[in-house]
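User: Could you take a close look at one part of this model for me, the sheet and how its strands are put together? A connected walk-through would be great.

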Amino acid sequence: MTVIRLVTFDALHTLITPRLPIYVQYSQTFAPYLGVLEPRLLKQSFKVALTQVQKENPAYQGASGAEGWWSEVIKRTAIGAGANPQAVDSSLPQIVPSLMERFSSRQGYKLFHDSLPVLRRLHEMNIHTALISNTDTRMLSVLKDLEIAPYLDSIILSEAVGIEKPDAKIFRLALASSTQSESIPMETQDGVHVGDELESDYHGARAAGMHALLLRRTGPEGDGERKEEGENLQGVQVVNDLWGVVKWVEQQTT
């Protein structure tokens, strides 16, 4: 019998989701300075820019920090979608702070319908909960604004700790920091991680010795999930919503 003592969650597309698609919110912010950019190109350009900057500068560790990191993503997104490069350069001092502020609160994000009820249920079951996210420290402001932070025993953000999923160290850090008050040390097999990214969340947690559940929401709620073309889910434990996590945890103790 397995006794689960900790459930850790990814943030984006797991507990929270953009209030509008990110490329739509970018478009709204770009429009007064760059005109209306073609949505399809903007969506594609954002994905390419984000992937490039993540590879070049993981965990936001460059000298310019998160704002400089995102400034580069925003610049490449706009130019890649067809904006005039000179106009982009001249308007970045207005665009970047606006988008940084927007994605620091409920203006940019909302909770999934099951996020808060599931966290409450896990606490009723005396199970610790934590968040592990490859993001910058603005996420803490988002979680507070959405009134979900009090239900998380620890919040581990890659910018703050200097490491990212799938590094095993970030999962072990969450285990250690979530149960400091426990008299019995927690082992990695006492925890399960939930997220939407096959490599970073599922395989990363498994490599760290934790259990793992891959989230694949059905319908429009699953549109933003990080799904790789041709990904192999054979042998992967999948849940379709966060209540599936509660059910899985309950099954481990019966």
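Analyst: Happy to! Leu6 stands opposite His128 in S4, and that places us at the pairing of strand S1 (residues 6–9) with S4, which is parallel and runs over 4 bridges. Bear in mind that this is a predicted model.

From S4 we can step outward. Strand S4 (residues 128–133) also pairs with strand S5 (residues 154–157), again in the parallel sense and over 4 bridges. Here Ala130 is the residue that stands opposite Ser154 in S5. To get from S4 to S5, the chain passes through helix H6 (residues 138–145), and this β-α-β crossover is right-handed.

Now for the whole sheet. It is open, has 6 strands in the order S5-S4-S1-S6-S7-S8, and its pairing is parallel. The edges are taken by S5 and strand S8 (238–239); each has a single partner strand, so one side of each is left without a neighbour in the sheet. As for the side chains, in a regular strand they alternate between the two faces of the sheet.

Since you may want some helix packing to go with the strands, here is one pair. Helix H2 (residues 39–56) packs against helix H3 (residues 65–80) at an angle of about 145°, their axes being 8 Å apart. The crossing of H2 and H3 is right-handed. Among the residues making the contact are Leu42, Phe46 and Val53 of H2, together with Trp69, Trp70 and Arg76 of H3. Sorted by class, the contact of H2 with H3 has 8 nonpolar, 5 polar and 3 charged residues.

Methods. Residues numbered from 1 in each chain as written. Predicted model: local features only at pLDDT ≥ 70, side-chain atom pairs only at ≥ 80, totals over all residues. Heavy atoms only, no water. Pairing = 2+ DSSP bridges. Helix = DSSP H or I, 4+ residues; strand = E, 2+ residues; numbered from the N terminus. Right-handed = clockwise from strand over helix to strand, strands pointing away. Axes fitted to C-alpha atoms, helices over the stretch in contact; angles between N-to-C directions. Left-handed = near helix turned anticlockwise from the far one by under 90°. Contact = heavy atoms within 4.5 Å. Nonpolar A, V, L, I, M, F, W, Y, C, P; charged D, E, K, R; others polar.
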